[in-house]
Each structure stands twice: as structure tokens, then as C-alpha cells.
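Student: Could you take me through one part of this model closely, starting with the side chains that might be expected to pair up and then moving on to the contacts around them? I would like the cut-offs stated as you go.

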Amino acid sequence: MADIRAFRAFRYDLGRVGNLSDVVAPPYDVIDPALQQALYDKSPYNVIRLELNKEEPGDNDIENRYSRAARFLRDWQRDDVLVQDSARSLYVYYQDFEVEGRRYTRRGFLSRVRLEPFGAGRIYAHEETLAGPKADRLRLLHATAMNLSPIFGLYPDPDGEVMNRLDPLVRRTPPIQAVDHLGVVSRLWPITDQHAISAVTGLLGPKPVFIADGHHRYETSLRYLDERRAAGEVRDGEAPPNFTLMMLVGMSDPGLLILPTHRLISGLPDLTADRLAEILAPHFTVERLGVGEQAARAAWEMIEADGSQDLLGFGTVSDGVWQTARFRSPQLMAERAAHHSPPWRSLAVSILHVAVLDYLLPQAIGRKPECQYVHLLREVTDAVSAKQCQLAALVPPATMQHVEQIAGNLEKMPPKSTYFYPKLLTGLVFHSLKAS
């Protein structure tokens, strides 16, 4: 059973720091140097100083961005900039946002969740992880002993029972609110009602939890727990390192949005629409739609309306032509991805990479192309207009059903299969691995 707990979060004292919008930040993995500097400039208390402290000249094994993060955290706790709540709470968290002209609200809550190895309990991963980010996050955990940003977890709840217990409580008080650099509005309500907390944790107990985002941080938390156990610092199952900070959202929540991840492909000199159609023809049915941005939009509208995973869109930059390509050779995927399950092989992103980018194009041009990743159609058409790639590929997003089916089978989805938008803010609540 998933072990979901209320906890006493550390939170900013807004009387000391002012506007919450000035002290929060996105998670570390979407912060570039320009945004890092902008967050530094917003407030001397911005969480960027903990989450992604700047590297400085002369940094060494003793004095570095991790030690500076630890020093800021100690100072802020000492000066009551960060204060621990007096009551154990669940923290209801709404995000209001807009994508492609439509408004959404995603609803969930922040809690502490008992760690368990993947495949050994009720928590499942759907993405592969990399050693570099895990090493970075582990050094930060060593320095701070604090979960600074939440892992994003999903649970099945077709009738919305969990949030039905929490939504009435948030209407009683105004939220704590922050707006991020993308205009996403985050609203937070601490819930201390023990009846509601017991009902929610009871409902969630039998449910599986699928990690949507934060795989590196989850695996790092597991490693940290193992280290603390080996050092004799985990006295029992209630010790704080047994848990991690997680945002939990129902898989049927109307605001749960998975954006597509389109590919901007380079390393294909002089590729024309005719040549691409010739390369794809043995395994795809190709249809030419036209030239320019209007044709790109038509291709995407066809993909969205189709709703399947076997229809892709391709724009060749040399001539501006857009085509759709419907995959019709499942045997090719069975041969080239034999160690993967049929659901994995049926994903659009799997078909694109296994059949097209790793096989058909290299076979035709003699080398494997390279990819950059974007999420909005406007980003694709802008890149094509600026000739930033030689080929653009429009890819339908994976669905929650794919995540549940593939992750539940203890299989990892291909890289860049899902992009859950928006990201969760860092700095709304902190989970201490020393004090519960």
C-alpha cells in the first residue's frame, strides 16, 4: 500500500520575504543561466539559492554551490525566513494556466510519501534516469537534508473521490498565491482537518502511484535513505529519510495535461519532401499537405483529430513542405524493438525513433540525425522558418493510459515521451529529512 502522510512543512514567512512570487522558482532542470540570474535578482531570499546555487570562481570541495545552499538554508531557518508549520498538514495545490488559447486548472496536494524501490511496492517509474543529475541532486541532499522541490506523482481516481474530500475545505479560506515567469498561477492551502486527512490517506492507500516528473529526485532520495541506514541514522520506519516530498494528482483530473514533444532534427543535408517520402514509403503511407505554416497547422490538426499513435507529421525545411505519414509496418517495430512490449512499440515516439531516426534515415543518409525538443506548434514553425533544423517531426503525445500500462509493466518509456505542463514550483513547501 502507498503510505501517504501529512507533515509539518517549512514555509516562507511572507511577513519577512514579501511577495511569494519573488521567492519561488521552477525545478532545477528547466532553469537556464538567464532565468537563474533573473531569479537571483528578484529577491535575496529566492529559493534559487538553494535549488540551483551559482557556481563561483575558486569553488572547491569545501566551498561550492552546495555548501552555499546549505549556508543559506541554515541562515533562513535561524532568522525565521523559513518557519516550520505547527500542525501536520496536507497542502492542496492548484495551478491555473493556459495552453494554445485554452485555460486549465490542475488540482492536487503535497504530502510526504514513504519511499520504496521501483517494482517492490506501489510506486512506479516511467522514465529512464541519468547518472549526472542524480549525482548533483545527491550532493544537494547531503548539504541541505531537505526536499526542496516536490516529485510529481499520479494516482488513478476516475470518480475524483480524493479531491472531492479536499475541494470543499479550500473554499473556506483564501489561498497563498504565486505567479511564475510563464504566468502560471499557483494557489496553496494548508489542510489540517484530521478527518479529511484520514479520509484522503485511506483512499490513496490501495492505489498505485506513477511518477510523472522527478524520477532523478526520487531515485536520489532512495540512495540517500540507503546511506543514512548504513550510517545508523534511520532508527525506525518513522524516521524522516524514509519519506520524500510529492505532489499527488488524480489521473482523471481535467487539468492534467500531457504536452506533445516535437522533434527538430538536424544532420540531414538537402533532404526534400520527395526524398523523405521515398525513404518512408516502404513502411508508411505518406500524404502531402502543402507548404508553410498553414500546412504545418493542418498536419497537427489531422494528428489531433486522428487520436492514434501511428500518425506523424513531417516538415522538410529545404522546401517548406509538410506531409503526414501513417505507420503500417508493426512487424518492423517487432523486429527492431523485440525486447520491448507491444504497448511500448505502438507509441508514436517509439515509432519515430526506432523506425525513422534510428533505422530508415541512417540507412538512407549514412549517419544518425540529432534532435532538439519543443512542445508547441508555434515553436516548431518558428524553428522551420529560421532554418534551425533540416526536418521537423510532429508527434502526438502519449496518454495517461500509456503511462499507466507501460510503467505498471515495470517498463520505461522512450526519452522525451511525456511533458507534464506546467512544472511544479519549488519554494512553496519544504520537507525536512531531519525533523518531521
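**Cysteines, salt bridges and helix contacts**

Tutor: Cysteine 371 is partly exposed, with a relative accessible area of 23%, where buried means under 20% relative accessible area, exposed over 50%, and partly exposed in between (1.4 Å probe, protein chains only). The sulfur of cysteine 371 lies 9.7 Å from the closest cysteine sulfur, that of cysteine 389, which is too far for a bond, and cysteine 389 is likewise in no disulfide. A disulfide is a pair of cysteine sulfur atoms within 2.5 Å, and the structure holds zero of them. Cysteine 389 itself is buried, at a relative accessible area of 2%.

The model is a predicted one, in which local features need pLDDT of at least 70 and side-chain atom pairs count only at pLDDT 80 or more, while totals for chains, interfaces and linings use all residues. Residues are numbered from 1 along each chain as its sequence is written, and side-chain values use heavy atoms, with hydrogens and water left out.

Turning to charged pairs, a salt bridge is a side-chain nitrogen of Lys or Arg within 4 Å of a carboxyl oxygen of Asp or Glu, and by this rule the count comes to 31. One of these joins aspartate 358 to lysine 368, with 3.2 Å from N to O. This pair links distant parts of the chain, ten residues apart, with aspartate 358 in helix H13 (residues 348-365) and lysine 368 in the loop between H13 and strand S18 (370-374); here helices (H or I, at least four residues) and strands (E, at least two) are DSSP runs, numbered from the N terminus. Aspartate 358 counts as partly exposed at 33% relative accessibility, whereas lysine 368, at 55%, counts as exposed. Elsewhere, salt bridges that share partners join Glu51, Glu55, Arg65, Asp136 and Arg137 into one network.

Another bridge is formed by arginine 326 and aspartate 310, at 2.9 Å from N to O. Arginine 326 lies in strand S17 (residues 321-327) and aspartate 310 in the loop between H10 and strand S16 (311-316), so the pair ties together parts that are 16 residues apart in sequence. Both ends are partly exposed, arginine 326 at 31% and aspartate 310 at 25%. By contrast with that loop-to-strand link, arginine 78 and aspartate 75 both lie in helix H4, three residues apart, or about one turn of the helix, and the closest N and O atoms of their salt bridge are 3.3 Å apart. Arginine 78 is exposed, with a relative accessible area of 57%, while aspartate 75 is partly exposed at 26%.

Helix H4 also takes part in a helix-helix contact. Two packed helices are described by the angle between their axes and the distance between the axes; axes are lines fitted to C-alpha atoms, for helices over the stretch in contact, and angles run from 0 to 180 degrees between N-to-C directions. The axes of H4 (residues 65-78) and H5 (residues 131-144) come within 8 Å and cross at roughly 35°. Arg65, Tyr66, Ala69, Ala70 and Leu73 of H4 meet Asp136, Arg139, Leu140, Ala143 and Thr144 of H5 in this contact, where contact means heavy atoms within 4.5 Å. Sorted by class, these are six nonpolar, one polar and three charged residues, with Ala, Val, Leu, Ile, Met, Phe, Trp, Tyr, Cys and Pro counted as nonpolar, Asp, Glu, Lys and Arg as charged, and the others, Gly among them, as polar.

A second helix pair, H10 (residues 293-306) and H14 (residues 377-385), packs at an angle of about 145°, with axes 10 Å apart. Its contact is made by Glu293, Ala296, Arg297 and Trp300 of H10 and by Leu377, Arg378 and Thr381 of H14, which gives three nonpolar, one polar and three charged residues.

For a single side chain inside a helix, serine 221 offers a view: it sits in helix H8 (residues 215-230) and is buried, with a relative accessible area of 6%. Leaving aside its neighbours within four places in sequence, serine 221 is in contact with Leu115, Leu141, Asn147 and Thr244.
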